[in-house]
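Work through the exercises below with the sequence and the 3D structure at hand. Each task is followed by its solution.

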Amino acid sequence: MRLITHNMLSSNIKGVSNGFPLRIEAAKVVEKAVDFNPDFLKNMFSKIEWNALVEASRTLGYSDLPENSDPSMLDSDAFLRSFHHALLELHLEEGALVCPETGRKFPVSKGIPNMLLHEDEV
Amino acid sequence: MWYLCVFYHRLLEFRKPEFESLAGLFDDDYTVEWRLPDGYHPDSPFHFVNLPSEELARSIANRSILLKGIYELWGEGCNFEELEEAISKYPEDRKLPYLSHGSTFKITVDSFGKVFSSHEQSDRLQKLSFIPFKGRVNLRNPDHKFCLIDNNDYGSGNGLPPIVERRIFFGREIATSHRKVVRKYQLKSRKYLGPTAMDAEMAFLMANQAQVKSGKLVYDPFVGTGSILISAAHFGATTMGADIDIRVVRDGRGPDCNVWSNFEQYGLPPPVALLRADNNLPPWRSGLKEVLDAIICDPPYGVRAGGRKSGGRKLLKGTVDPYTVPEEKRRDHIPSTAPYSLAECVHDLLDVAGRMLVMGGRLVYFYPVVAKDEEEAVVFPCHPCFEVIAKCEQILSYRYSRVLVTMVKVRAYREEMEIAGRMKRLDLKENHLKWMEEAGSLHSAVFSPDMQATTTPAGDEKCSQKPKYRGKYV
């Protein structure tokens with residue numbers, strides 16, 4: 001699971017009002033190179049919850065993202081590179097995503113988060 | 001300027017919409033204008049199209065799956081005398097640059113529905129000697145390609161009504177199709193397949209309908225083995241997929257035969273996200289809106305594979321109380337799922353698409369249609385955010401077809417739509433059994449023994465029910 005996915009997901013258990021961001025429990029993190037596409041990054045930038053991305057990338061051991069961001073930074077190649085790396089190249093291969101409200105763990109195995117709810121959570 | 005389009009004679013209803021979608025992709029404020037050659041049937045593969053530039057024509061052709069070639073028409077006529085007259089009247093400045101000394105050229109002789117022998121071909125080429133070609137012939141790698149199309153007799157077996165009058169076209173080839181990908185990505189050489197993997201030709205048509213290109217984010221909520229996303233990735237899009245069946249997306253048939261390996265096989269970038277999620281209860285955070293550029297999918301509609309959604313036992317209303325998972329079993333609990341009716345599935349799809357697509361983003365999906373005895377209008381799903389751009393029918397059997405629906409988001413997703421969506425969802429839940437019966441009736445309409453076929457003697461009757469021209473492979 002890349003952090004772009006983490007940035008989109010929340011816990012949708014019935015009754016949970018704030019299921020975002022999911023806390024990451026990392027058991028195995030890998031890095032996978034992805035082709036650098038500035039257009040895609042610029043396209044995505046405004047849709048990303050920055051704080052959640054910064055936090056998540058630190059959990060996975062990458063701390064090069066600035067605390068705050070604004071669109072003017074997209075002109076900097078260095079910024080784009082670190083944004084690219086955090087968003088697309090860090091993978092949570094094994095671990096879990098934890099609902100911030102209930103503590104329910106959504107397992108991540110072989111890089112695939114399992115967001116399916118139990119019968120009594122629907 | 002008007003160009004001659006020659007299509008493949010397949011998937012008849014898909015041809016113009018594909019062309020128009022591609023025109024929109026390369027030039028978004030251009031409306032395509034069509035014209036039929038004199039006396040031609042609308043389903044014939046020959047059409048004239050008005051385009052602002054040769055460059056646009058080339059861009060479209062180079063991505064098209066159903067366009068065979070696009071030509072600058074130099075002349076047409078009922079016989080070679082008329083053709084000669086038309087070509088000699090065609091402006092010199094449009095012809096001379098392609099006839100010059102030192103250039104190389106090739107002329108292809110073609111027809112529709114029949115093959116010319118080499119003798120017939122050279123006979124026709126001789127008749128073109130009035131064109132002042134100064135270059136040399138090069139059949140391997142010519143600078144300029146020309147095409148002579150002589151339609152006299154469609155032959156039989158293509159289903160079109162007989163040709164009224166002989167028509168000969170001569171033109172310069174601008175570009176040919178991108179059809180080679182159909183072979184490259186054909187399912188029979190793909191490693192990981194599921195029972196409903198989308199065939200390569202259709203997957204590429206879907207990607208073209210969705211105007212996929214580099215830098216765009218494309219999502220398939222019923223990703224399965226990834227067959228649709230592969231075409232989107234081929235055109236440079238960033239892809240994302242979800243499926244409710246974790247074995248399909250996570251495990252596949254082992255470490256070297258899964259969704260990831262399918263992308264690897266073709267050297268395509270893998271999806272940026274694959275997850276197990278339920279289209280009925282999508283796990284997206286509430287603030288996430290207008291993030292996807294296109295959603296392309298083949299929803300499960302219960303004919304070859306039925307959909308599932310979470311919350312199984314609850315739906316068996318009154319018979320069993322909602323199942324509570326005991327604390328000690330939570331960790332490895334495998335939640336049960338319930339069948340997912342087509343009506344609910346499509347409703348959820350439109351609701352998610354309304355929220356998640358950017359303005360102008362496209363939703364492309366298949367919808368099943370049962371052939372009715374009378375011309376009863378089929379009711380297609382609709383949503384206030386969307387306008388329908390194209391509906392292309394693919395006939396699967398004489399009782400059943402599927403329609404590729406292309407919708408474009410024209411209005412923002414507002415709160416009242418969200419509320420209306422929620423109400424509708426409750427209603428669908430309440431009447432779950434009724435909708436499931438409906439899905440069951442689709443299944444039986446497709447698979448039940450055919451009473452009519454056993455009582456009526458011949459195939460003629462069947463054809464009259466659905467007056468469409470289906471060539472051998474259409």
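A residue counts as buried when its relative accessible area is under 20%, and as exposed when that area is over 50%. The model used here is predicted.

**Exercise 1.** Decide whether L88(A) is buried or exposed, and describe its surroundings.

*Solution.*
1. Locate the residue: L88(A) lies in helix α4 of chain A, which covers residues 77–89.
2. Apply the cut-off: the relative accessible area of L88(A) is 3%, so L88(A) is buried.
3. List the contacts, leaving out residues up to four places away in sequence: L88(A) touches R2(A), I4(A), K32(A), V34(A), F40(A), L41(A) and, from chain B, V272(B).

**Exercise 2.** Describe the interface of chain A and chain B by its residues and its area.

*Solution.*
1. Count the residues in contact: 31 residues of chain A meet 43 residues of chain B.
2. State the area: about 3300 Å² is buried between the two chains, and carbon and sulfur atoms give 58% of it.
3. Find the main contributors: 24% of the area that chain A buries against chain B comes from M8(A), L116(A) and E119(A), more than from any other three residues.

**Exercise 3.** How many salt bridges cross this interface, and which elements of chain A take part in the contact surface?

*Solution.*
1. Two salt bridges are found between chain A and chain B.
2. One of them joins E49(A) to R285(B), with the closest N and O atoms 3.9 Å apart.
3. On the side of chain A that touches chain B, α1 (3–8), α2 (38–45) and β4 (112–113) each supply at least two residues.
4. Of the elements, α1(A) gives the most to that side, with four residues.
5. By class, that side has 14 nonpolar, 10 polar and seven charged residues.

Notes: Residues numbered from 1 in each chain as written. Chains lettered and ligands numbered in written order. Predicted model: local features only at pLDDT ≥ 70, side-chain atom pairs only at ≥ 80, totals over all residues. Heavy atoms only, no water. Contact = heavy atoms within 4.5 Å. Buried area = accessible area lost by both parts, 1.4 Å probe. Salt bridge = Lys/Arg side-chain N within 4 Å of Asp/Glu carboxyl O. Nonpolar A, V, L, I, M, F, W, Y, C, P; charged D, E, K, R; others polar. Buried < 20%, exposed > 50% of the residue type's maximum accessible area, 1.4 Å probe, protein only.
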